[in-house]
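Visitor: I have a model open on my screen and would like to walk through how its parts fit together. Could you guide me?

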Amino acid sequence: MTSAAKLSLGCIADDYTGASDLANTLTRAGLRTVQTIGVPASDLALPEVDAVVVSLKSRSIEASLAVTRSRAAETWLRGRGASHILFKICSTFDSTDAGNIGPVMDALRADSKDSIVLVTPAFPETGRTVYQGNLFVGPVPLNESPLKDHPLNPMHDSNLVRVLARQSKTRVGLVDLATLARGADAVRAKLADLVSSGVGAAIIDAVFDRDLETIGQVALDHRLSVGASGIGLGLARALVAASRAKPDARGATLVTPVGGPAACLAGSCSQATLRQIASAEKVMPVLHLDPERVVAGKDEAQRALAWAKERLAAGPILIASSSTPAEVAALQSRHGRDAAGHAIEQAMADIAEGLVLSGVHRLVVAGGETSGAVVDRLGIPGFLVGAEISAGVPVLRAVGAGKGEMVLALKSGNFGGPEFFSDALALMP
Ligand SMILES: Nc1ncnc2c1ncn2[C@@H]1O[C@H](COP(=O)(O)OP(=O)(O)O)[C@@H](O)[C@H]1O
Ligand SMILES: O=C(O)[C@@H](O)C(=O)COP(=O)(O)O
């Protein structure tokens, strides 16, 4: 970093769309924020900021690797003066019984020496609320939501106290909404009780943004918290209220128009993304990859690139691997979950690389793992946050890529309205 100023907040995000979601929230709450891809190289020039969100692709990798990478990010952020670190997880608690939320939380907690860690994936703006420790996605519990069919981490239990306890060596407790409603001191007293009974992590309920403000105040007593963009909002507001960060009147970066061809890639199989692809069919050419051919080799990505090159001059295009839950399950039963996912992610990265070589500098990507594969392949080291396309999804301006100006939108599979692809392109001139 060029600046020696101390960070008010350090963040470690377990995927790239989640990182841009958090960077968007922090920016809009007034913190000057950058998103880096991995731990930044020492020569990466970054502006003076209040918060850095280090993006990792650690949600679905082996737990010990997720721990090592998260710790490297933690060391870097603490070295820049961050006294509080937020480990950003998905608002739908995407994980398996093997991890990675529990193992990373345990390791960061040991390093921070916190007696207890507050954990909440609540993000009311996108319909994620937590009550009595149960996560709701809109009106339904997590296990009845489309997340039950996620290709990599299907979620079958909405009770987060149980889910986290299965992944963590720490005893997990609950701070319920009734306690939270009594204010920050009531939460502090409850945490002290939990600590005295040997609990090291507390799922905390939150339904409204005001709940997250209380949580943010209490979380700042500690060195670590775990959660989604909602707790990021609470922390940012608490930092501004405590004058530990100056609200930035400029807000999001103005992204200068880059022009030229634009493309969209979708690797998310979420219901929201499937609906968005169906809407895009009405306004732009859409190519559906044949997932079986993608797993078989590189030809399908080459076919897609040739298809795109014939059309790019005429307007935006969309290339999608996304399939229905039944089709995903069938592909996975033939090739295995990880092999199928990896092959498709790498095909998306091949296509993105080819598109950029063909002059595309405006790129929309749907899917967290998919975005990770694409951004890694493009070698982009970091992003500044631009306009908000929809809740949790900003326009991003690549910094330090050495490939000329480039703007991207990295969409979490579940986010965005039905016209998301057109909405994004309209804000990426
Ligand atoms: N047709 C398909 N069949 C099986 N897996 C797929 C298919 N299309 C994409 N995938 C894989 O599903 C995963 C989707 O995850 P991700 O990109 O994180 O989306 P989301 O944001 O919805 O979680 C990726 O690993 C992707 O490669
Ligand atoms: O918190 C969220 O829901 C998002 O920021 C996020 O992490 C989404 O992950 P993907 O759905 O895998 O993109």
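Visitor: How many residues of domain 1 are in contact with domain 2, and how many of domain 2 with domain 1?
Guide: Happy to help; please keep in mind that this is a predicted model. The domain assignment places domain 1 at 9-241 and domain 2 at 262-426. Counting heavy atoms within 4.5 Å as contact, the tally is 32 residues of domain 1 and 36 residues of domain 2.

Visitor: What area do domain 1 and domain 2 bury between them?
Guide: The size of an interface is often given as the accessible area lost when the parts come together. Here, 61% of the buried area falls on carbon and sulfur atoms. The area that domain 1 and domain 2 bury between them is about 2600 Å².

Visitor: Which residues of domain 1 lose the most area to domain 2?
Guide: Three residues stand out on that side, and together they make up 21% of what it buries. They are Thr17, Lys57 and Pro151.

Visitor: Lysine 57 has caught my eye. Which residue forms a salt bridge with lysine 57?
Guide: Side chains of opposite charge can pair when their charged atoms come close. Between domain 1 and domain 2 there are 3 salt bridges. For lysine 57, the closest N and O atoms of the pair are 2.9 Å apart, within the 4 Å limit for a salt bridge. The partner is glutamate 345.

Visitor: Which element gives the most to the side of domain 1 that touches domain 2?
Guide: Domain 1 and domain 2 also share 11 residue pairs in polar contact, both residues being at pLDDT 80 or more. On the domain 1 side, helix H1 (16-28) and strand S2 (33-37) each supply at least two residues. The element giving the most, with 8 residues, is H1.

Visitor: How do the residues of that side of domain 1 divide into nonpolar, polar and charged?
Guide: These are the residues of domain 1 that touch domain 2, sorted by residue type. They come to 13 nonpolar, 11 polar and 8 charged.

Visitor: How many residues apart are arginine 59 and aspartate 15?
Guide: Arginine 59 and aspartate 15 form a salt bridge, with the closest N and O atoms 3.2 Å apart. Arginine 59 sits in the loop between strand S3 (51-55) and helix H2 (63-79), while aspartate 15 is in the loop between strand S1 (9-13) and H1. The pair thus links distant parts of the chain, 44 residues apart.

Terms used
Residues are numbered from 1 along each chain as its sequence is written. Chains are lettered from A and ligands numbered from 1 in the order in which they are written. This is a predicted model: local features need pLDDT of at least 70, side-chain atom pairs count only at pLDDT 80 or more; totals for chains, interfaces and linings use all residues. Side-chain values use heavy atoms; hydrogens and water are left out. Domain bounds come from an automatic or database domain assignment. Buried area is the accessible area (1.4 Å probe) that two parts lose on being put together, summed over both. A salt bridge is a side-chain nitrogen of Lys or Arg within 4 Å of a carboxyl oxygen of Asp or Glu. A polar contact is a pair of N or O atoms within 3.5 Å; within protein, one must be able to donate a hydrogen and the other to accept it, and residues adjacent in sequence count only if both atoms are side-chain atoms. Helices (H or I, at least four residues) and strands (E, at least two) are DSSP runs, numbered from the N terminus. Ala, Val, Leu, Ile, Met, Phe, Trp, Tyr, Cys and Pro count as nonpolar, Asp, Glu, Lys and Arg as charged, and the others, Gly among them, as polar.
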